[in-house]
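Dear colleague,

I am passing on the structure we spoke about, together with some notes on what came out of it. Please have the coordinates open while you read.

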Amino acid sequence: RRYDEVKPLADAHDAVAALPFSVIMIGHCFHMFYWGLISFWVARKTGDVIWYDRGKEAVQKMRSYANFSSWNFSNKSLLLQAEQYFYLKEFESAKRCYDDAISFAKDHRFVHEEALACELAGYFLVERGERNSSLPYFLRAQRKYREWGASAKEESLNTYIQEWFGVVTEGEAVWERPRRATTDLDLRKRRVS
């Protein structure tokens with residue numbers, strides 16, 4: 001989630017995306033999905049409309065892919081739309097799309113994409129100031145990453161959950177750990193320092 005590492009990749013992506021054969025390559029479909037997620041995140045963090053335009057292009061392409069294969073691409077299209085709505089501050093639409101993306105990923109058995117959608121929905125809620133509502137999303141994301149075998153991602157979320165929510169997770173167990181911080185403000189101070 002570092003902008004400085006993404007900039008050189010943006011130029012490379014634009015060069016590949018301009019090639020006429022790229023639209024028929026399945027790898028390009030997945031690349032476009034992650035590229036769109038990155039673009040909306042950078043657009044929110046920097047306010048640079050160029051990144052929003054890149055994300056918007058990814059939404060349009062993913063919708064066309066979903067028209068050809070709803071099974072494979074509908075959850076991805078919904079997650080990109082959620083991120084677009086988040087950028088546009090259309091929060092109710094964003095929440096609905098996050099939940100729909102999670103549901104479609106689950107129904108279509110894309111465990112890793114269910115985890116990703118849950119994680120991004122959690123971050124969306126945290127940034128909206130709905131920290132308590134976000135915890136179930138993070139816990140589900142962590143469980144799905146574990147199910148998929150992504151132990152580094154599971155551990156990364158475990159650390160985040162411990163720092164921000166004061167709970168410890170191990171497998172399916174979740175318990176509160178003793179906290180020094182007593183308020184959200186104290187947690188933010190501790191995290192920053």
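The notes below deal with one helix and then with the salt bridges.

Please keep in mind throughout that this is a predicted model.

I begin with helix H7, which covers residues 131-148. At 1.5 Å a residue, its 18 residues should span 26 Å, and the end C-alpha atoms are indeed 26 Å apart, so the expected and the computed span agree. Several residues of H7 are buried, among them Arg-131, Tyr-137, Phe-138, Gln-142, Lys-144 and Tyr-145, a list in which aromatic side chains stand beside charged ones. After the helix comes Gly-149, which has a positive phi, near 95 degrees.

Turning to the charged pairs, the structure holds ten salt bridges, of which three are described here.

One of them lies within H7, where the side chains of Lys-144 and Glu-147 meet with N and O 3.0 Å apart. The two residues are three places apart in the helix, about one turn, and they differ in their surroundings: Lys-144 is buried, with a relative accessible area of 13%, whereas Glu-147, at 51%, counts as exposed. This pair does not stand alone, since salt bridges that share partners join Glu-114, Arg-140, Lys-144 and Glu-147 into one network.

A second pair is found in helix H3, residues 49-68, where Lys-61 forms a salt bridge with Glu-57 and the closest N and O atoms are 3.4 Å apart. Because Lys-61 and Glu-57 are four residues apart in that helix, they are separated by about one helical turn. In general, an α-helix has 3.6 residues a turn, so residues three or four places apart point the same way. Lys-61 is buried, its relative accessible area being 17%, while Glu-57, at 33%, counts as partly exposed.

The third pair links two helices, and I would ask you to look at it with some care. Glu-119 forms a salt bridge with Lys-153, the closest N and O atoms being 2.9 Å apart. Since Glu-119 lies in helix H6 (residues 111-127) and Lys-153 in helix H8 (residues 151-165), the pair ties together parts that are 34 residues apart in sequence. Here Glu-119 is the buried partner, at 5% relative accessibility, and Lys-153, at 30%, counts as partly exposed.

With best regards

Methods. Residues numbered from 1 in each chain as written. Predicted model: local features only at pLDDT ≥ 70, side-chain atom pairs only at ≥ 80, totals over all residues. Heavy atoms only, no water. Expected span 1.5 Å × (residues − 1). Buried < 20%, exposed > 50% of the residue type's maximum accessible area, 1.4 Å probe, protein only. Salt bridge = Lys/Arg side-chain N within 4 Å of Asp/Glu carboxyl O.
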